[in-house]
Amino acid sequence: MLGGVKIRLLPSDEKQSLKGEVLRKAIQEDLQKGLIPFYVVATIGTTNCCSFDDLKRTWGSLQRF
């Protein structure tokens, strides 16, 4: 089922971290295009660059929708 799903890669900051504001904006853009965002992957530590996504702000962005 996921094979037919459009995947969108979001830009990270200079520390390779996803910011809540970037996620919120992407969700709003997708909704305006008639898409249904339903899955977000965030990380709390990657092996190769030791980056951490801002989970508090990411979660806050998701709660708005």
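How many salt bridges does a search of the whole structure find? The search finds four. The model is predicted.

One salt bridge joins the side chains of Arg8 and Glu29, with an N to O distance of 2.6 Å. Arg8 belongs to the segment before α1, whereas Glu29 sits in helix α1, so this pair ties together parts that are 21 residues apart in sequence. Arg8 is partly exposed, at 37% relative accessibility. Glu29 is partly exposed as well, at 26%.

Another salt bridge lies within helix α1, where Arg24 and Glu21 are three residues apart, about one turn of the helix. Their side chains meet at 2.1 Å, N to O. Arg24 is buried, with a relative accessible area of 16%. Glu21 is partly exposed, at 47%. Elsewhere, salt bridges with shared partners link Arg8, Glu29 and Asp30 into one network.

Asp13 is placed in the segment before α1, a helix that spans residues 20-32. The relative accessible area of Asp13 is 18%, which falls under the 20% cut-off, so the residue counts as buried. The side chain of Asp13 has a salt bridge with that of Lys19, at 3.4 Å from N to O. The two side chains are also joined by a polar contact of 3.4 Å. Lys19 is partly exposed, with a relative accessible area of 31%. The Asp13 side chain further reaches the backbone nitrogen of Lys15, at 2.9 Å.

Terms used:
Residues numbered from 1 in each chain as written. Predicted model: local features only at pLDDT ≥ 70, side-chain atom pairs only at ≥ 80, totals over all residues. Heavy atoms only, no water. Helix = DSSP H or I, 4+ residues; strand = E, 2+ residues; numbered from the N terminus. Polar contact = N/O pair within 3.5 Å; in protein donor to acceptor, adjacent residues only side chain to side chain. Buried < 20%, exposed > 50% of the residue type's maximum accessible area, 1.4 Å probe, protein only.
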